[in-house]
Amino acid sequence: MSVFRKQASPPDESDNKSSLGLRINVFFFSTFVIFCVIIIRLAVLQFVEGPTLTDVETSRDTKNVPLASMRGVIYAAGGEKLAYSTPVQSLYITLTKEYTAKVTDKNTGVTTLSPDAKAKSEALAASLVADFNKYGDPNAKKLTKEDIIETMDLDFRKSLGYMARRIKAGLTSKEVAYFMEHKDDYPGLEIVEESTRHYDTDTVAVQTVGYIKPFKSSSSLDIYQNIINAMKNTQDPGLTYKDDEFVGFDGLELQYQRDLRGQNGYQEISVNPQNMAEKIEKVVPPVKGNDVWTTINKNIQLKTEQAITEQISWLHSHAVQGKTHPDALTGYAVAMEVDTGNIVAMASMPDYDTNIWTTGSLPTDVWNDIINNYQNGTINPISSGTSGNGLRSVLLMGSTIKPLSVLVGLNEGFFTTTSGYSDKGFATFGKAGHETKVRNSSGHVYGYLDPAKAIEKSSNVFMVDMVGKKLYEKYQDKGIDVWDKYMKEFGLGVSTQSGLPNEFLGQINYTNIKAAGSSQAALVYASFGQQGSYTAMQLAQYASTLANEGQRIKPQLVSKITDANGNVVQKFDREVLDEVTTFDKSFWKEIKQGMNSDVTAFADFPYDFARKTGTSQQLAKGQLRDNGVFIAFAPRNHPKLAVAVVIPEGGFGSNSAAPVARKIFDAYDWEYGLDGVPKKNLQPATNANGDATTKKGDSTTTNAADTTSTH
C-alpha cells in the first residue's frame, strides 16, 4: 500500500502586496492623525491658552537684592586698627502672601491687611519675641512685638515687597543655632552674615578718621546724591546701595568711601505679579572693601591729644601775666613731616568716642554732649573756647605771619637782609592829621632791628613801616592783590589739598576794604597778622612751606591702600603742589634765622629749631580775647617736622600753644627721630616717653611755662 502526501501550494503573490499596502496606509494615516493633533494643540496654545501663558511668563520677573560687603579697615601708621568691621549674624524675613494679603472695604474703599494676614504676622512677631528673650543677649535691648511688626513693613512703606526685612542684627550663637534648627517653623526667615563697625576706644584722631551713617540718612551729601542718580541707570547690581547699609559721612570714612566699601553682592530673586518673592534664583557674593593705611602715628597722636588736654587744664589753674585762662576749652594741633608731607598727628580737642554712630541713631542727650566736638577743628571753623562767645577754631594768625611778611618785603626790594630799622615802639599810617597808631605788644620799644631781629622780637611797627605801608606806596589799591598772591603761594586762603571733606579755605579780611577803612589800612593790619584767619592744617602747611623754602607740598593722610589679600592697590608719595622760585637763597636764611623766639617750654630742647609764636586778639562776648598760636619746624637747617598749634582764649602763644608743640616734637623724636634716629631704639622700652599704651589723661604734669616771652 502506498501513501501519497499532498504538497502545500506556495503563497499567493497578490496577497503579500495587499498586506504591504495596508500597512503603509495605516502608517500614513497615523502620521496624519499625529500632525492633526499637533496642529490642533498649537492652535489651542496660541488662541485659547496664549493669554494665560503670557501672564505666567510675565509673572516670572526677577529682582536683584543687594548683599552688603564687609567694609575695609582704616589703620594707623603702625598697623593699629582705628576703624574696622567684624561679622555679625542678622535675622531677615522675606514676606510671603500669607503675611501681606489685603482686603478692601466695599463701603469705604480702604484696603487693609486681611484678618488672617494680621493674625499670622502678630503670631510670628510674638513667637520671635519669645525666642529672642530666651536665646538672646540678656543685657541687650529687648524687642517688642510692636517693634517687629514695624520692622516687617507689611504696608511696604519703606521697602518693596520682595525685599527682605532685617528683624534683628547681632544674633547670639544660641539664637543662630536655634533658628538654623527650626527653619521649617519660620518660613521666609533666613540668617545673613553682615558686619558692624568699630572704632579704637582710645579715640585716636577721631574727627580725622570720621564716622558712618546709614545710606538712607546720607542723601544730603553730594557723593550720595550722585550715587542715587547713578543707581537709576546702572545695570550692575553690585553698585546698588542698600538703604540700611552704613556709609562714610565724614573724615577718611567719607573721603575713601568707594575704596572702603568694596562691592555689594546680590541675590537674584524671582517675583510674582504682586512683586512678592517666590524663590532665590542666584547668589553673587560681595567683595570686601580695601584697607586704608593712614600716616597717623598712634603714639604721637595720643601724646598730642594728651598734651592739649593737660595744657588747657594748666591754663585754668596757673596765672600768666597775672591772669588765668578759664575760658580756654579747646585746642588744635597738626604735625606734618617736611620731607614727605605725612600727617603724623592731627588733634581736635576735646574729642569723643565715634562708636556712638554705629547704632544708626543718636539719643538727644548724646548729641548734646558731642555737638561742639564731633567736627574736625583743625580743618573746619567750629565753635571754640567759651560756649557762645563767637570764637572759632579758625583764628587770626597774629605774629606767625611775620616770617612771610619779611619775605614779601625782601622780594619786593623794600629792604635787604642787611638793612637796619629803628623801632620806636609805634608806627602811624593814614592821612595827615588823621593818622592811626600801631604799637608793639605790651608797648615794647626794640630800637635797631635788621629783618631777622624784627621777626625774632615780633615787631609790629617794622611790619607796618617796612611792608604794609610800602606795599601800598608801590601798588596803591593793587597792593591787596599782590599780598593775596603771596599768601596763596604759601597755602593761606587756598585748599591744602588734603582731600578731607568740607575743608575750610580760611577767612580773608584784607579784601574787605570797607571794613578795614582803606586799602592801606588793610595792608597795614595784614602785615602783622590781623587780616587773615586760617586753619591749623593751613598753618602746618605754611610752616612746612617755610621749611621747604617755598615748596608747598600736599598733606598726606594716607600712605597706601591695600586689598583684602594685602596687595597694594594705590600708593601715595610726596606731591609738590606749587613752588615759589623768586626768592633768593639769602632771604630764606634770613627768615629762618629770625624764627628764633624765646620760648621757655623749649629751654632744654636738644635741637636747633625755627619757631614763631603768635597771639591773635579778637573781640568776643564783650571782651578782647587773646588766642595762642604757634608754628615751628625742626631741626632748623635740615627740617624733618613742622608743627602748628592753636589754643583759643589761651593767652600768649608762647605760654599756651608752645608747650603743646614741645611735647609733639618730643613724641616724634621718640618714634622716628628728628635726626633720623628713633630714640625709642636707644632707650629701655619702659621709658615713660615711649609708653605705647599711654592714653589721654594718664599724666598729671605739664611742661607749660610759668614765664612770659616775646610773642
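Buried here means under 20% relative accessible area, and you'll want that cut-off in mind from the first stop. One more thing before clicking: this is a predicted model.

**Stop 1: helix α18**

Select residues 519-527, helix α18. Colour S519, Q520, A521, A522, L523, V524, A526 and S527: these are the buried residues of the helix. That makes 8 of 9, so α18 is mostly covered by the cut-off of under 20%.

What covers it? Bring up α13 (402-411), β17 (426-429), β18 (436-439), α15 (460-475), α16 (479-489) and α17 (513-516), the elements that the buried residues of α18 pack against. Then step just past the end of α18 to G529, which takes a positive phi of about 90 degrees.

**Stop 2: α15 against α18**

Keep α18 on screen and add α15 from that list of neighbours. Two packed helices are described by the angle between their axes and the distance between the axes. For α15 and α18 the angle is about 145 degrees, and the axes are 8 Å apart. The crossing of this pair is right-handed.

Now show side chains on both helices. On the α15 side, pick M463, V464, V467, G468, K469, L471 and Y472; they meet S519, Q520, L523, V524 and S527 of α18. Sorted by type, the residues of this contact come to 7 nonpolar, 4 polar and 1 charged.

**Stop 3: the β17-β18 hairpin**

Two more neighbours of α18 deserve a look: β17 and β18. They run antiparallel and are joined by 4 bridges. Find F429 and look across to β18, where T436 stands opposite. The hairpin has 6 residues between its strands, and G430 takes a positive phi near 105 degrees there.

**Stop 4: a three-stranded sheet**

Next, select β15, β21 and β20, which form an open sheet of 3 strands in the order β15-β21-β20, with antiparallel pairing. At the edges stand β15 (395-396) and β20 (507-508); each has a single partner strand, so one side of each has no neighbour in the sheet.

Zoom in on β20 and β21 (residues 532-534), an antiparallel pair joined by 2 bridges. Which residue of β21 is the bridge partner of I508? Click on G532 to see that partner.

**Stop 5: a five-stranded sheet**

Move on to β14-β13-β28-β27-β26, the strand order of an open sheet of 5 strands with antiparallel pairing. Here β14 (343-349) and β26 (610-620) are at the edges, and because each has a single partner strand, one side of each is left without a neighbour in the sheet. Direction ignored, neighbouring strands are turned by 10 degrees against each other on average.

For the pairing in detail, show β27 with β28 (residues 641-647): 7 bridges, in the antiparallel sense. F630 is a handy landmark, as V645 in β28 stands opposite.

**Stop 6: A634**

Stay on β27 (residues 623-634) and select A634, which lies in this strand. Is A634 buried or exposed? A634 has a relative accessible area of 0%, which puts it under the 20% cut-off, so it counts as buried. Leaving aside neighbours within four places in sequence, its contacts are F605, F609, P639, K640, L641, F665 and L674. For a distance check, draw a line from A634 to Y607: their C-alpha atoms are 7.1 Å apart, with 27 residues separating them in sequence.

**Stop 7: α19 and the cores**

Now add α19, which lies across β13 (331-337), β14, β27 and β28 and runs at about 40 degrees to β27. Helix α19 (residues 536-547) also gives the largest share of the largest nonpolar core, 8 residues. That core has 107 residues, and those touching the most other members are M346, L404, L407, W483, F490 and L546.

Centre on L546 and list its contacts beyond four places in sequence: P403, L407, F490, W588, I591, K592, M595, I631 and F633. Apart from this core lies another, of 36 residues, including I312, A328, Y607 and I664.

**Last stop: zoom out**

Show the whole chain, with its 22 helices and 28 strands. Of its 711 residues, 50% count as buried. Among contacts between residues at least 6 apart in sequence, 72% join residues at least 24 apart.

Terms used. Residues numbered from 1 in each chain as written. Predicted model: local features only at pLDDT ≥ 70, side-chain atom pairs only at ≥ 80, totals over all residues. Heavy atoms only, no water. Pairing = 2+ DSSP bridges. Buried < 20%, exposed > 50% of the residue type's maximum accessible area, 1.4 Å probe, protein only. Contact = heavy atoms within 4.5 Å. Axes fitted to C-alpha atoms, helices over the stretch in contact; angles between N-to-C directions. Left-handed = near helix turned anticlockwise from the far one by under 90°. Nonpolar A, V, L, I, M, F, W, Y, C, P; charged D, E, K, R; others polar. Core = buried A, V, L, I, M, F, W, Y, C linked by side-chain atoms within 4.5 Å.
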